[in-house]
Amino acid sequence: MSDVKKFCFLNRKAPYGTVYAWESLEVVLISAAFDQDVSLVFADDGVYQLVKGQDTTGLGIKNFSPTYSALGDYDIKKIYIEKESLDARGLTLDDLQHLTWEDENEDWAEKDSIMVVEKAELAKILESQDVLLSF
Amino acid sequence: MKFGIQVNEGPYTHESSISALNFVRAALDAGHEIFRVFFYHDGVNNGTRYTTPPQDDKNIVAEWSKLAKEHNLDLVVCVAAAQRRGIVDEGEQQRNGKDGNNIADGFRISGLGQLIEAGIQSDRLVVFGD
Amino acid sequence: MSNLHIVNKSSYDRNSLETCLRLADKGGEVLLFEDGVYGAIKGGVKAKLIEDAMSNLTFYVLGPDVKARGLDEGRLIDGIKVVDYSGFVELTVKNDKVTSWL
């Protein structure tokens, strides 16, 4: 019996106003050690977590956004962003960090980790998961 | 069925901990197994033995401790979240040079891997939060 | 595969129920509990969220949370089933997984 489950981390909250974005990322990084089939979903205000150019110096708190760019190194490469959430907030893919992973099966070719998906497709993706964690 | 439970909030500000407690009781009454209850974010505050709620109010921490003892439950408080919020056991007290510890009976402090393991080993993972 | 969606926030306060219904696949089940029960009261402007989704999803509400808030079961949207905590557990067993819309 396979011990590999499809783990989905559901992110719906903006960064910094609450701790959930950062503390959920910590769980994602730990999950990499368990060889599970990991997907990240960003919807609602969760899409703000990936906005590029975050600068927290004025607040005196840690800017954790560079951590997202390490996800590819941890073999976490399925990052789904809900298109409707982006559109509602006047955002496009260009506003977000460019996250990539290297495919060892294709001579370490760099590929995009982020997939912008419409709600119907995202519903199917969520339906196919085994374990869903919300923060 | 084996259940993994994740509790994201502390004992009083949100209903989460009570909902989780009631769910766990109902699952045990129905003959199911609780693989682990993992306390994350402010949920770690369920693990301090220093709460003194009014007599006519529910003592949520004591109820978790009691349930853990009666059913041999594994109540895990996340170490990273606990360090941030000041939930300390003897090991953490010594490691981090604190002058005391406050972990409640039946709780133990451990890493985030325990949550992932709960997701892998349980048949169902239920998250209670805000 | 079927999904039990649990929603614990009022649809008058948060978008949790709205997003859940937007992303819940057909055939799933939805349990409203904690403040989520307010979304199950008929006559409110948010009741339509549930009414429109009832052809695709089955809705439940947690009785103890309804009672705690002084709401009469007669005020619930027609067709919503009331369950207690043992019913909540049964729903998690019956479905393949649980998604929390916080």
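Hi everyone, let me start with a term: two residues are in contact if their C-beta atoms, placed from the backbone, lie within 7 Å. What we have here is a predicted model, where local features need pLDDT of at least 70, side-chain atom pairs count only at pLDDT 80 or more, and totals for chains, interfaces and linings use all residues. Residues are numbered from 1 along each chain as its sequence is written, while chains are lettered from A and ligands numbered from 1 in the order in which they are written.

So, how many residues does each chain bring to the contact? Chain A gives 17 residues and chain B gives 15 residues. On the side of chain A that touches chain B, α1 (20-31) and β7 (131-134) each supply at least two residues. The largest share there, 6 residues, belongs to α1(A). By character, that side of chain A divides into 10 nonpolar, 3 polar and 4 charged residues; nonpolar means Ala, Val, Leu, Ile, Met, Phe, Trp, Tyr, Cys and Pro, charged means Asp, Glu, Lys and Arg, and the others, Gly among them, are polar.

Now the fold of chain A. You'll find 3 helices and 7 strands, in the order β-α-β-β-α-β-β-β-α-β from the N terminus. These are DSSP runs, numbered from the N terminus: H or I of at least four residues for helices, E of at least two for strands. Among contacts in chain A between residues at least 6 apart in sequence, 75% join residues at least 24 apart.

Finally, dimensions: the C-alpha trace of chain A spans about 50 × 30 × 30 Å along its principal axes. Thanks, everyone!
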